[in-house]
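Me: I'd like to go through some of the labels people put on a structure, and ask what earns each one. Can we take it slowly?

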Amino acid sequence: MSALLELVCPAGGLPALKTAVDHGANCVYTGFRDATNARNFTGLNFDDASIKQGIEYAHQRGVKVLVALNTFPLTDNWLQWTAAVDKAAAFGVDAVILADPGLMEYAKRNHPKLRLHLSVQGSATNYEAINFYHQHFGIQRAVLPRVLSMAQVEHVVKNTPVEIEVFGFGGLCVMVEGRCALSAYTTGTSPNCQGACSPGKAVRYEETPAGMETRLNGILIDRFGQGERAGYPTLCKGRFEVDDETYYAIEEPASLNTLELLPELMRIGVSAIKIEGRQRSPAYVTQVTKVWRDAIDSCRRDPEHFKPTAAWMAELNKVSEGRSATLGAYNRPWK
Amino acid sequence: MLNNLRLPDFTIPAPLTRLGNRLPQLPPTLALVTTLNLALGRLIPREPLEMLIGKRFTIRVLDAGMTLRFSYGERGFRPLFDASKPDLTISARTRDFIALLAREEDPDTLFFDRRLLMEGDTDLGLLVKNTLDGIDLPRFDPARLTPQELLHRLRARLATPHNA
Ligand code: SF4
(Lines give C-alpha, C1' and ligand atoms only; values in the text may rest on other atoms or scores of the structure.)
Protein backbone atom coordinates (compact mmCIF):
# COMPACT_ATOMS: atom_id res chain seq x y z
CA MET A 1 0.00 0.00 0.00
CA SER A 2 1.45 3.32 -1.01
CA ALA A 3 1.69 6.32 1.28
CA LEU A 4 -1.01 8.91 1.17
CA LEU A 5 -1.01 10.81 -2.07
CA GLU A 6 -2.37 14.26 -1.29
CA LEU A 7 -4.86 15.87 -3.64
CA VAL A 8 -4.08 19.58 -3.96
CA CYS A 9 -6.97 21.60 -5.43
CA PRO A 10 -7.19 25.18 -6.65
CA ALA A 11 -9.32 27.91 -5.06
CA GLY A 12 -9.73 31.37 -6.56
CA GLY A 13 -12.27 32.32 -3.90
CA LEU A 14 -14.11 31.13 -0.82
CA PRO A 15 -16.85 29.14 -2.60
CA ALA A 16 -14.22 27.27 -4.61
CA LEU A 17 -12.26 26.54 -1.44
CA LYS A 18 -15.35 25.21 0.30
CA THR A 19 -16.37 22.99 -2.58
CA ALA A 20 -12.82 21.60 -2.86
CA VAL A 21 -12.89 20.79 0.86
CA ASP A 22 -16.38 19.29 0.63
CA HIS A 23 -15.44 17.05 -2.27
CA GLY A 24 -12.29 15.52 -0.91
CA ALA A 25 -9.27 17.76 -1.40
CA ASN A 26 -6.45 17.18 1.10
CA CYS A 27 -5.04 20.66 0.48
CA VAL A 28 -6.36 23.76 -1.24
CA TYR A 29 -4.04 26.35 -2.64
CA THR A 30 -4.99 29.98 -2.75
CA GLY A 31 -3.59 33.46 -3.31
CA PHE A 32 -4.03 36.98 -2.01
CA ARG A 33 -5.70 39.64 -4.07
CA ASP A 34 -2.56 41.21 -5.54
CA ALA A 35 0.56 40.59 -7.62
CA THR A 36 2.14 38.31 -5.02
CA ASN A 37 0.70 35.25 -6.79
CA ALA A 38 0.68 34.05 -10.38
CA ARG A 39 -3.11 34.25 -10.83
CA ASN A 40 -3.52 37.96 -10.25
CA PHE A 41 -6.72 38.44 -12.26
CA THR A 42 -9.31 41.14 -11.71
CA GLY A 43 -11.72 40.24 -8.93
CA LEU A 44 -10.09 36.86 -8.24
CA ASN A 45 -8.50 35.62 -5.01
CA PHE A 46 -8.87 36.17 -1.28
CA ASP A 47 -9.11 39.30 0.81
CA ASP A 48 -8.21 39.04 4.51
CA ALA A 49 -11.73 38.23 5.66
CA SER A 50 -12.31 35.48 3.13
CA ILE A 51 -8.92 33.79 3.62
CA LYS A 52 -9.51 33.69 7.38
CA GLN A 53 -12.92 32.12 6.82
CA GLY A 54 -11.42 29.71 4.33
CA ILE A 55 -8.67 28.60 6.70
CA GLU A 56 -11.19 28.06 9.46
CA TYR A 57 -13.52 26.07 7.20
CA ALA A 58 -10.70 23.88 5.91
CA HIS A 59 -9.02 23.29 9.25
CA GLN A 60 -12.29 22.27 10.90
CA ARG A 61 -12.48 19.55 8.28
CA GLY A 62 -8.86 18.48 8.44
CA VAL A 63 -7.84 20.08 5.14
CA LYS A 64 -4.70 22.15 4.69
CA VAL A 65 -4.57 25.62 3.15
CA LEU A 66 -1.56 26.68 1.11
CA VAL A 67 -0.94 30.23 -0.08
CA ALA A 68 0.94 30.82 -3.31
CA LEU A 69 3.33 33.76 -3.06
CA ASN A 70 5.04 32.59 -6.18
CA THR A 71 5.85 35.70 -8.16
CA PHE A 72 9.15 37.55 -8.09
CA PRO A 73 9.39 40.77 -6.08
CA LEU A 74 11.49 43.65 -7.34
CA THR A 75 13.53 46.09 -5.27
CA ASP A 76 10.78 48.71 -5.24
CA ASN A 77 8.01 46.37 -4.12
CA TRP A 78 9.94 43.95 -1.93
CA LEU A 79 8.01 45.01 1.19
CA GLN A 80 4.68 44.02 -0.35
CA TRP A 81 5.93 40.43 -0.71
CA THR A 82 7.42 40.19 2.76
CA ALA A 83 4.19 41.63 4.18
CA ALA A 84 2.31 38.86 2.37
CA VAL A 85 4.57 36.22 3.96
CA ASP A 86 3.97 37.80 7.39
CA LYS A 87 0.23 37.80 6.79
CA ALA A 88 0.15 34.17 5.69
CA ALA A 89 2.11 33.19 8.79
CA ALA A 90 -0.12 35.25 11.08
CA PHE A 91 -3.29 33.73 9.62
CA GLY A 92 -1.96 30.25 10.28
CA VAL A 93 -1.75 28.83 6.78
CA ASP A 94 -0.21 25.38 6.48
CA ALA A 95 2.46 26.40 3.97
CA VAL A 96 3.46 29.14 1.58
CA ILE A 97 4.47 28.31 -1.97
CA LEU A 98 7.48 30.43 -2.92
CA ALA A 99 9.63 30.88 -6.00
CA ASP A 100 12.01 33.68 -5.04
CA PRO A 101 15.09 32.67 -2.98
CA GLY A 102 15.24 36.08 -1.29
CA LEU A 103 11.71 35.61 -0.04
CA MET A 104 12.54 32.08 1.13
CA GLU A 105 15.41 33.47 3.16
CA TYR A 106 13.08 36.11 4.61
CA ALA A 107 10.45 33.51 5.52
CA LYS A 108 13.01 31.17 7.06
CA ARG A 109 14.53 33.91 9.17
CA ASN A 110 11.31 35.55 10.33
CA HIS A 111 8.93 32.61 10.49
CA PRO A 112 11.01 29.54 11.26
CA LYS A 113 7.89 27.46 11.87
CA LEU A 114 6.26 28.32 8.56
CA ARG A 115 6.38 25.43 6.13
CA LEU A 116 7.84 26.32 2.73
CA HIS A 117 7.00 24.76 -0.63
CA LEU A 118 9.01 25.46 -3.74
CA SER A 119 6.68 26.73 -6.48
CA VAL A 120 6.71 25.40 -10.01
CA GLN A 121 7.63 29.00 -10.85
CA GLY A 122 11.00 28.28 -9.25
CA SER A 123 11.66 25.97 -12.21
CA ALA A 124 13.72 23.42 -10.31
CA THR A 125 13.90 20.31 -12.49
CA ASN A 126 16.73 18.36 -10.87
CA TYR A 127 17.33 17.06 -7.38
CA GLU A 128 20.50 19.12 -6.92
CA ALA A 129 18.48 22.32 -7.27
CA ILE A 130 15.75 21.02 -4.97
CA ASN A 131 18.26 19.88 -2.38
CA PHE A 132 19.93 23.27 -2.56
CA TYR A 133 16.62 24.94 -1.63
CA HIS A 134 16.19 22.37 1.10
CA GLN A 135 19.61 22.91 2.64
CA HIS A 136 19.51 26.67 2.51
CA PHE A 137 15.89 27.49 3.20
CA GLY A 138 14.40 24.32 4.60
CA ILE A 139 11.99 23.76 1.70
CA GLN A 140 9.81 20.77 2.57
CA ARG A 141 8.04 20.21 -0.70
CA ALA A 142 8.81 21.04 -4.32
CA VAL A 143 6.34 21.33 -7.18
CA LEU A 144 7.97 19.92 -10.30
CA PRO A 145 7.80 21.75 -13.63
CA ARG A 146 5.77 19.88 -16.21
CA VAL A 147 8.75 18.87 -18.33
CA LEU A 148 10.00 15.67 -16.73
CA SER A 149 9.36 12.14 -17.90
CA MET A 150 8.16 9.56 -15.39
CA ALA A 151 11.67 8.10 -15.12
CA GLN A 152 13.06 11.56 -14.39
CA VAL A 153 10.41 12.25 -11.74
CA GLU A 154 11.32 8.94 -10.11
CA HIS A 155 15.00 9.84 -10.19
CA VAL A 156 14.26 13.15 -8.44
CA VAL A 157 12.06 11.47 -5.80
CA LYS A 158 14.77 8.91 -5.03
CA ASN A 159 17.46 11.52 -4.50
CA THR A 160 15.83 14.11 -2.29
CA PRO A 161 14.36 14.23 1.20
CA VAL A 162 11.95 16.89 -0.08
CA GLU A 163 8.34 15.83 -0.78
CA ILE A 164 7.56 15.96 -4.48
CA GLU A 165 4.32 17.39 -5.85
CA VAL A 166 3.45 17.02 -9.52
CA PHE A 167 0.77 18.46 -11.75
CA GLY A 168 -1.97 15.97 -12.48
CA PHE A 169 -4.53 17.91 -14.41
CA GLY A 170 -5.23 21.22 -16.11
CA GLY A 171 -3.98 23.77 -18.58
CA LEU A 172 -0.51 23.44 -20.01
CA CYS A 173 1.75 26.15 -21.28
CA VAL A 174 5.22 26.21 -22.81
CA MET A 175 6.63 25.27 -19.43
CA VAL A 176 9.40 27.73 -18.92
CA GLU A 177 7.78 28.49 -15.61
CA GLY A 178 9.06 31.63 -13.99
CA ARG A 179 10.81 32.60 -17.19
CA CYS A 180 8.18 33.11 -19.89
CA ALA A 181 8.41 36.54 -21.46
CA LEU A 182 5.63 36.19 -24.05
CA SER A 183 2.94 38.01 -22.06
CA ALA A 184 5.35 40.75 -20.99
CA TYR A 185 6.38 41.18 -24.61
CA THR A 186 2.82 41.62 -25.88
CA THR A 187 1.05 43.26 -22.96
CA GLY A 188 3.69 44.67 -20.64
CA THR A 189 2.37 42.40 -17.87
CA SER A 190 4.15 39.19 -16.98
CA PRO A 191 3.02 36.25 -14.89
CA ASN A 192 6.39 36.28 -13.15
CA CYS A 193 6.38 39.80 -11.76
CA GLN A 194 2.80 41.06 -12.04
CA GLY A 195 1.15 37.69 -11.59
CA ALA A 196 -0.91 37.63 -14.79
CA CYS A 197 -0.37 36.12 -18.19
CA SER A 198 -2.58 37.90 -20.73
CA PRO A 199 -4.42 40.18 -18.27
CA GLY A 200 -8.08 40.92 -19.03
CA LYS A 201 -7.36 44.52 -19.90
CA ALA A 202 -5.30 43.38 -22.90
CA VAL A 203 -7.77 40.78 -24.18
CA ARG A 204 -10.53 41.35 -26.73
CA TYR A 205 -12.88 38.77 -28.21
CA GLU A 206 -15.01 39.55 -31.22
CA GLU A 207 -17.46 37.52 -33.25
CA THR A 208 -16.81 38.28 -36.93
CA PRO A 209 -18.12 36.68 -40.15
CA ALA A 210 -14.83 34.76 -40.32
CA GLY A 211 -15.16 33.42 -36.77
CA MET A 212 -14.41 34.50 -33.23
CA GLU A 213 -11.25 36.55 -33.10
CA THR A 214 -8.98 36.85 -30.08
CA ARG A 215 -6.75 39.86 -29.81
CA LEU A 216 -4.04 40.51 -27.29
CA ASN A 217 -3.17 44.17 -27.00
CA GLY A 218 -4.60 44.68 -30.48
CA ILE A 219 -2.64 41.81 -32.04
CA LEU A 220 -4.73 39.09 -33.65
CA ILE A 221 -3.56 35.86 -32.04
CA ASP A 222 -6.27 33.44 -33.09
CA ARG A 223 -9.49 33.02 -35.02
CA PHE A 224 -11.86 30.18 -34.24
CA GLY A 225 -14.17 28.88 -36.94
CA GLN A 226 -17.74 27.91 -36.15
CA GLY A 227 -17.85 25.09 -33.63
CA GLU A 228 -14.08 25.02 -33.22
CA ARG A 229 -13.03 24.79 -29.57
CA ALA A 230 -11.49 27.95 -28.16
CA GLY A 231 -8.50 28.29 -25.85
CA TYR A 232 -7.13 30.86 -23.43
CA PRO A 233 -5.95 34.11 -24.99
CA THR A 234 -2.25 33.47 -24.43
CA LEU A 235 0.42 34.15 -27.01
CA CYS A 236 1.90 30.66 -26.70
CA LYS A 237 -1.35 29.14 -27.89
CA GLY A 238 -2.00 31.53 -30.77
CA ARG A 239 -1.99 30.56 -34.44
CA PHE A 240 0.53 32.41 -36.53
CA GLU A 241 1.56 32.62 -40.13
CA VAL A 242 4.94 31.04 -40.62
CA ASP A 243 6.23 30.38 -44.17
CA ASP A 244 2.76 30.86 -45.70
CA GLU A 245 1.19 28.43 -43.29
CA THR A 246 -1.03 29.45 -40.37
CA TYR A 247 -0.84 27.09 -37.42
CA TYR A 248 -0.02 26.71 -33.74
CA ALA A 249 3.58 27.71 -34.22
CA ILE A 250 4.46 27.55 -30.52
CA GLU A 251 2.15 24.95 -29.07
CA GLU A 252 -1.31 23.53 -29.54
CA PRO A 253 -3.80 24.16 -26.75
CA ALA A 254 -4.01 20.94 -24.76
CA SER A 255 -4.76 19.91 -21.24
CA LEU A 256 -2.71 17.67 -19.04
CA ASN A 257 -4.57 14.64 -17.74
CA THR A 258 -2.51 12.04 -15.90
CA LEU A 259 -5.35 10.01 -14.43
CA GLU A 260 -4.08 6.79 -16.01
CA LEU A 261 -0.61 7.34 -14.53
CA LEU A 262 -1.89 7.36 -10.95
CA PRO A 263 -0.61 3.88 -9.98
CA GLU A 264 2.82 4.76 -11.35
CA LEU A 265 2.92 8.14 -9.55
CA MET A 266 2.01 6.39 -6.31
CA ARG A 267 4.55 3.65 -6.84
CA ILE A 268 7.46 5.99 -7.34
CA GLY A 269 6.57 7.88 -4.16
CA VAL A 270 5.16 11.19 -5.35
CA SER A 271 3.64 12.96 -2.31
CA ALA A 272 1.01 15.14 -3.89
CA ILE A 273 -0.92 15.77 -7.08
CA LYS A 274 -1.83 19.28 -8.06
CA ILE A 275 -4.86 20.33 -10.03
CA GLU A 276 -4.37 23.51 -12.08
CA GLY A 277 -7.00 26.25 -12.25
CA ARG A 278 -7.27 28.92 -9.59
CA GLN A 279 -8.79 31.13 -12.30
CA ARG A 280 -11.68 28.71 -12.76
CA SER A 281 -15.11 28.81 -11.12
CA PRO A 282 -16.43 26.69 -8.23
CA ALA A 283 -18.24 24.46 -10.77
CA TYR A 284 -14.90 23.34 -12.24
CA VAL A 285 -13.37 22.79 -8.83
CA THR A 286 -16.33 20.61 -7.81
CA GLN A 287 -16.26 18.53 -10.98
CA VAL A 288 -12.51 17.97 -11.02
CA THR A 289 -12.07 17.39 -7.29
CA LYS A 290 -14.81 14.73 -7.27
CA VAL A 291 -13.22 12.78 -10.10
CA TRP A 292 -9.71 12.90 -8.67
CA ARG A 293 -10.87 11.97 -5.18
CA ASP A 294 -12.67 8.91 -6.53
CA ALA A 295 -9.71 7.99 -8.71
CA ILE A 296 -7.09 8.31 -5.96
CA ASP A 297 -9.23 6.31 -3.54
CA SER A 298 -9.85 3.59 -6.06
CA CYS A 299 -6.18 3.47 -7.01
CA ARG A 300 -5.11 3.18 -3.37
CA ARG A 301 -7.52 0.31 -2.85
CA ASP A 302 -6.30 -1.66 -5.82
CA PRO A 303 -3.42 -0.13 -7.78
CA GLU A 304 -2.90 -3.32 -9.83
CA HIS A 305 -6.26 -3.15 -11.48
CA PHE A 306 -6.72 0.59 -11.57
CA LYS A 307 -8.17 1.94 -14.80
CA PRO A 308 -9.76 5.38 -15.22
CA THR A 309 -13.49 5.02 -15.90
CA ALA A 310 -15.03 6.45 -19.05
CA ALA A 311 -17.22 8.69 -16.90
CA TRP A 312 -14.20 10.24 -15.16
CA MET A 313 -12.45 10.85 -18.46
CA ALA A 314 -15.57 12.39 -20.00
CA GLU A 315 -16.04 14.71 -17.03
CA LEU A 316 -12.42 15.86 -17.22
CA ASN A 317 -12.43 16.25 -21.01
CA LYS A 318 -15.51 18.41 -20.77
CA VAL A 319 -13.80 21.07 -18.68
CA SER A 320 -10.48 20.97 -20.56
CA GLU A 321 -8.94 23.63 -22.70
CA GLY A 322 -8.09 22.70 -26.25
CA ARG A 323 -8.98 19.76 -28.42
CA SER A 324 -6.84 17.18 -26.79
CA ALA A 325 -5.75 15.83 -23.46
CA THR A 326 -2.17 14.76 -23.08
CA LEU A 327 0.04 12.88 -20.66
CA GLY A 328 2.55 15.66 -21.15
CA ALA A 329 6.21 14.90 -20.64
CA TYR A 330 5.48 12.04 -18.22
CA ASN A 331 4.90 9.70 -21.07
CA ARG A 332 8.00 10.34 -23.10
CA PRO A 333 9.91 7.30 -24.21
CA TRP A 334 13.18 9.28 -24.46
CA LYS A 335 14.81 11.26 -21.63
CA MET B 1 -32.58 16.08 -4.25
CA LEU B 2 -32.70 18.94 -6.65
CA ASN B 3 -29.05 19.70 -6.02
CA ASN B 4 -28.08 16.49 -7.71
CA LEU B 5 -30.20 17.07 -10.78
CA ARG B 6 -28.22 18.26 -13.71
CA LEU B 7 -29.74 20.84 -15.97
CA PRO B 8 -30.59 19.11 -19.27
CA ASP B 9 -29.21 20.55 -22.46
CA PHE B 10 -31.89 22.52 -24.26
CA THR B 11 -32.23 25.25 -26.86
CA ILE B 12 -35.32 27.33 -27.31
CA PRO B 13 -36.67 26.51 -30.81
CA ALA B 14 -36.00 29.03 -33.57
CA PRO B 15 -39.63 30.16 -34.14
CA LEU B 16 -39.81 31.21 -30.51
CA THR B 17 -36.47 32.99 -30.84
CA ARG B 18 -37.87 35.03 -33.72
CA LEU B 19 -40.91 35.81 -31.62
CA GLY B 20 -38.66 36.86 -28.74
CA ASN B 21 -36.86 39.26 -31.05
CA ARG B 22 -40.10 41.07 -31.76
CA LEU B 23 -41.29 41.31 -28.17
CA PRO B 24 -40.52 44.43 -26.15
CA GLN B 25 -37.22 43.95 -24.30
CA LEU B 26 -38.07 46.28 -21.45
CA PRO B 27 -39.99 43.88 -19.15
CA PRO B 28 -37.22 41.25 -18.96
CA THR B 29 -34.60 43.99 -18.59
CA LEU B 30 -36.59 45.50 -15.74
CA ALA B 31 -36.90 42.12 -14.07
CA LEU B 32 -33.14 41.64 -14.38
CA VAL B 33 -32.11 45.05 -13.05
CA THR B 34 -34.63 44.81 -10.20
CA THR B 35 -33.19 41.44 -9.19
CA LEU B 36 -29.64 42.76 -9.45
CA ASN B 37 -30.48 45.84 -7.41
CA LEU B 38 -32.09 43.71 -4.72
CA ALA B 39 -28.96 41.58 -4.53
CA LEU B 40 -26.69 44.61 -4.43
CA GLY B 41 -25.17 45.27 -1.03
CA ARG B 42 -26.70 42.01 0.22
CA LEU B 43 -25.58 39.11 -1.95
CA ILE B 44 -23.41 41.10 -4.32
CA PRO B 45 -20.83 43.27 -2.57
CA ARG B 46 -20.74 46.86 -3.86
CA GLU B 47 -17.11 47.60 -3.27
CA PRO B 48 -15.49 45.41 -5.95
CA LEU B 49 -18.03 46.67 -8.48
CA GLU B 50 -16.77 50.25 -8.38
CA MET B 51 -14.93 49.61 -11.61
CA LEU B 52 -18.33 49.07 -13.27
CA ILE B 53 -19.66 52.56 -12.53
CA GLY B 54 -20.69 54.34 -15.70
CA LYS B 55 -20.34 51.17 -17.78
CA ARG B 56 -22.92 49.87 -20.21
CA PHE B 57 -23.77 46.19 -20.49
CA THR B 58 -25.68 44.03 -22.91
CA ILE B 59 -26.80 40.51 -22.19
CA ARG B 60 -27.88 38.54 -25.24
CA VAL B 61 -29.92 35.46 -24.52
CA LEU B 62 -29.40 33.98 -27.95
CA ASP B 63 -32.10 31.33 -28.15
CA ALA B 64 -34.72 33.54 -26.50
CA GLY B 65 -34.04 36.39 -28.91
CA MET B 66 -33.55 38.70 -25.95
CA THR B 67 -31.16 41.62 -25.78
CA LEU B 68 -31.07 43.22 -22.36
CA ARG B 69 -29.31 46.57 -22.08
CA PHE B 70 -28.48 48.16 -18.76
CA SER B 71 -25.87 50.22 -16.99
CA TYR B 72 -24.37 50.46 -13.55
CA GLY B 73 -24.06 53.69 -11.58
CA GLU B 74 -23.70 55.00 -8.04
CA ARG B 75 -27.35 54.14 -7.42
CA GLY B 76 -27.25 50.66 -8.86
CA PHE B 77 -28.33 49.05 -12.11
CA ARG B 78 -30.80 50.67 -14.51
CA PRO B 79 -32.17 49.77 -17.93
CA LEU B 80 -30.83 51.52 -21.00
CA PHE B 81 -33.08 52.64 -23.77
CA ASP B 82 -30.60 53.39 -26.53
CA ALA B 83 -28.66 50.87 -28.52
CA SER B 84 -25.28 52.59 -28.45
CA LYS B 85 -22.21 50.40 -28.11
CA PRO B 86 -21.96 48.68 -24.73
CA ASP B 87 -18.69 48.30 -22.81
CA LEU B 88 -19.33 44.61 -22.36
CA THR B 89 -21.62 42.16 -24.15
CA ILE B 90 -22.18 38.66 -22.83
CA SER B 91 -23.95 36.16 -25.08
CA ALA B 92 -25.15 32.64 -24.33
CA ARG B 93 -28.24 30.42 -24.50
CA THR B 94 -30.92 30.41 -21.79
CA ARG B 95 -29.85 26.99 -20.58
CA ASP B 96 -26.23 28.04 -20.18
CA PHE B 97 -27.06 31.28 -18.36
CA ILE B 98 -29.14 29.27 -15.88
CA ALA B 99 -26.36 26.69 -15.48
CA LEU B 100 -23.88 29.49 -14.76
CA LEU B 101 -26.17 31.02 -12.14
CA ALA B 102 -26.67 27.62 -10.54
CA ARG B 103 -22.88 27.09 -10.49
CA GLU B 104 -23.32 23.97 -12.53
CA GLU B 105 -21.06 25.08 -15.35
CA ASP B 106 -17.75 26.85 -15.34
CA PRO B 107 -17.65 29.91 -17.64
CA ASP B 108 -14.26 28.91 -19.03
CA THR B 109 -15.68 25.50 -19.93
CA LEU B 110 -18.53 27.19 -21.81
CA PHE B 111 -16.08 29.56 -23.44
CA PHE B 112 -13.82 26.71 -24.66
CA ASP B 113 -16.97 25.07 -25.99
CA ARG B 114 -17.97 28.31 -27.75
CA ARG B 115 -21.21 28.54 -25.80
CA LEU B 116 -20.32 31.75 -24.00
CA LEU B 117 -19.01 34.87 -25.67
CA MET B 118 -17.72 37.97 -23.94
CA GLU B 119 -17.20 40.94 -26.25
CA GLY B 120 -15.84 44.36 -25.35
CA ASP B 121 -13.92 45.06 -22.16
CA THR B 122 -12.77 41.60 -21.05
CA ASP B 123 -11.47 42.90 -17.75
CA LEU B 124 -14.99 44.04 -16.79
CA GLY B 125 -16.20 40.57 -17.66
CA LEU B 126 -13.52 38.99 -15.45
CA LEU B 127 -14.49 41.27 -12.60
CA VAL B 128 -18.16 40.32 -12.93
CA LYS B 129 -17.33 36.61 -13.18
CA ASN B 130 -14.90 36.58 -10.29
CA THR B 131 -17.15 38.71 -8.07
CA LEU B 132 -20.05 36.33 -8.66
CA ASP B 133 -17.78 33.32 -8.08
CA GLY B 134 -16.63 34.84 -4.81
CA ILE B 135 -20.13 35.13 -3.35
CA ASP B 136 -20.44 32.63 -0.58
CA LEU B 137 -23.97 31.28 -0.67
CA PRO B 138 -25.22 28.39 1.44
CA ARG B 139 -25.81 26.50 -1.77
CA PHE B 140 -27.29 27.61 -5.07
CA ASP B 141 -30.42 25.63 -5.65
CA PRO B 142 -31.80 25.79 -9.19
CA ALA B 143 -35.28 25.33 -7.70
CA ARG B 144 -34.91 28.78 -6.21
CA LEU B 145 -34.65 30.28 -9.67
CA THR B 146 -38.20 29.53 -10.81
CA PRO B 147 -40.27 32.66 -11.52
CA GLN B 148 -42.68 31.89 -8.66
CA GLU B 149 -39.86 31.49 -6.19
CA LEU B 150 -38.14 34.66 -7.39
CA LEU B 151 -41.38 36.61 -7.13
CA HIS B 152 -41.96 35.22 -3.68
CA ARG B 153 -38.50 36.23 -2.53
CA LEU B 154 -38.85 39.64 -4.17
CA ARG B 155 -42.04 40.26 -2.18
CA ALA B 156 -40.43 39.09 1.02
CA ARG B 157 -37.44 41.35 0.43
CA LEU B 158 -39.59 44.36 -0.33
CA ALA B 159 -41.57 43.75 2.83
CA THR B 160 -38.46 43.60 5.01
CA PRO B 161 -35.94 45.85 3.38
CA HIS B 162 -33.58 46.12 6.32
CA ASN B 163 -33.07 42.66 7.57
CA ALA B 164 -33.16 40.59 4.41
S1 SF4 C 1 2.35 32.94 -22.60
FE2 SF4 C 1 1.86 30.80 -22.43
S3 SF4 C 1 3.76 29.87 -21.75
FE4 SF4 C 1 3.91 32.02 -21.29
S5 SF4 C 1 3.13 32.19 -19.19
FE6 SF4 C 1 1.44 32.59 -20.58
S7 SF4 C 1 0.42 30.62 -20.74
FE8 SF4 C 1 2.47 30.22 -19.95
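**What earns the label**

Reply: A:Val174 is partly exposed, since its relative accessible area is 35%, and the label covers values between buried (under 20%) and exposed (over 50%), with a 1.4 Å probe and protein chains only. A quick word on the ground rules: this is a predicted model, where local features need pLDDT of at least 70, side-chain atom pairs count only at pLDDT 80 or more, and totals for chains, interfaces and linings use all residues. Residues are numbered from 1 along each chain as its sequence is written, chains are lettered from A and ligands numbered from 1 in the order in which they are written, and side-chain values use heavy atoms, leaving out hydrogens and water.

Me: Why is A:Ala90 called exposed?

Reply: Exposed means over 50%, and A:Ala90 has a relative accessible area of 65%, so the label fits. You'll find A:Ala90 in helix 3 (residues 78-91) of chain A; helices are DSSP runs of H or I with at least four residues, strands are E runs of at least two, and both are numbered from the N terminus.

Me: And where is A:Val174?

Reply: A:Val174 sits in the loop between strand 7 (163-171) and helix 7 (182-187) of chain A.

Me: What makes the pair A:Glu321 and A:Lys237 a salt bridge?

Reply: The rule asks for a side-chain nitrogen of Lys or Arg within 4 Å of a carboxyl oxygen of Asp or Glu. In A:Glu321 and A:Lys237 the closest N and O atoms are 3.4 Å apart, so the pair counts.

Me: How many salt bridges are there between domain 1 and domain 2 of chain A?

Reply: The count is 1. Domain 1 is 6-172 + 254-331 and domain 2 is 182-247, with bounds from an automatic or database domain assignment.

Me: Which residues do the two domains bring to their contact?

Reply: Domain 1 of chain A gives 20 residues and domain 2 of chain A gives 14, where contact means heavy atoms within 4.5 Å.

Me: How much area do these domains bury between them?

Reply: About 1200 Å², with 44% of it on carbon and sulfur atoms. Buried area is the accessible area (1.4 Å probe) that two parts lose on being put together, summed over both.

Me: What about chain B, how many helices and strands?

Reply: Chain B has 6 helices and 5 strands, and buried residues make up 40% of its 164 residues.
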